[in-house]
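I opened this entry to look up how cysteines are linked and where nonpolar side chains gather.

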Amino acid sequence: QVQLVESGGGLVQPGGSLRLSCAASGFTTDKYVMSWYRQAPGAERELVAYIIGVSGKTQYAEFVEDRFQISRDMHNTFLQMNALKPEDTAVYYCGARHSSFNYVPAHWGQGTQVTVSS
């Protein structure tokens with residue numbers, strides 16, 4: 001059974017950093033596309049970044065502007081977030097799909113809150 005559990009969220013000041021983790025159980029990430037999405041209050045869920053397990057290819061949303069980095073190992077996916085802005089405040093979700101190209105998740109974690117505020 002595929003399960004995803006996020007951790008690492010919290011309150012951080014503008015300009016600060018956070019590292020989100022997504023622990024995967026029931027599968028290994030090397031045959032999956034692993035992704036991070038976020039959802040701010042009143043907004044739709046949006047893609048932040050994804051990584052293709054079989055190739056290591058990564059893709060980022062434009063708003064990331066080289067501030068974030070996605071990475072993975074066999075059982076975890078990470079999102080290193082630097083130079084955080086108040087507009088990065090959202091619930092961040094980990095997603096997974098058994099695929100070599102399709103980044104739309106078939107499985108979701110429960111989310112972790114990130115708040116950027118002084």
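I looked first at the link of Cys22 and Cys94, which is left-handed, with -75 degrees about the S-S bond. I noted that this pair links distant parts of the chain, with Cys22 in strand 3 and Cys94 in strand 9, 72 residues apart; strands here are DSSP runs (E, at least two residues), numbered from the N terminus.

This is a predicted model, in which local features need pLDDT of at least 70 and side-chain atom pairs count only at pLDDT 80 or more, while totals for chains, interfaces and linings use all residues. Residues are numbered from 1 along each chain as its sequence is written, and side-chain values use heavy atoms, with hydrogens and water left out.

I searched the whole structure for disulfides (pairs of cysteine sulfur atoms within 2.5 Å) and found 1. The sulfur atoms of Cys22 and Cys94 lie 2.1 Å apart. Are these cysteines buried or exposed? Cys22 is buried, at a relative accessible area of 0%, and Cys94 is buried, also at 0%; buried means under 20% relative accessible area with a 1.4 Å probe, protein chains only.

I then turned to the nonpolar cores (sets of buried Ala, Val, Leu, Ile, Met, Phe, Trp, Tyr and Cys residues joined through side-chain atoms within 4.5 Å). The largest has 26 residues, and Trp36, Leu79, Met81 and Tyr92 have the most contacts inside it. Among the elements that give it two or more residues are strand 3 (18-25) and strand 9 (90-97). A second, separate core of 5 residues includes Val33, Leu47, Tyr50 and Ile52.

Methods:
Buried < 20%, exposed > 50% of the residue type's maximum accessible area, 1.4 Å probe, protein only. Helix = DSSP H or I, 4+ residues; strand = E, 2+ residues; numbered from the N terminus.
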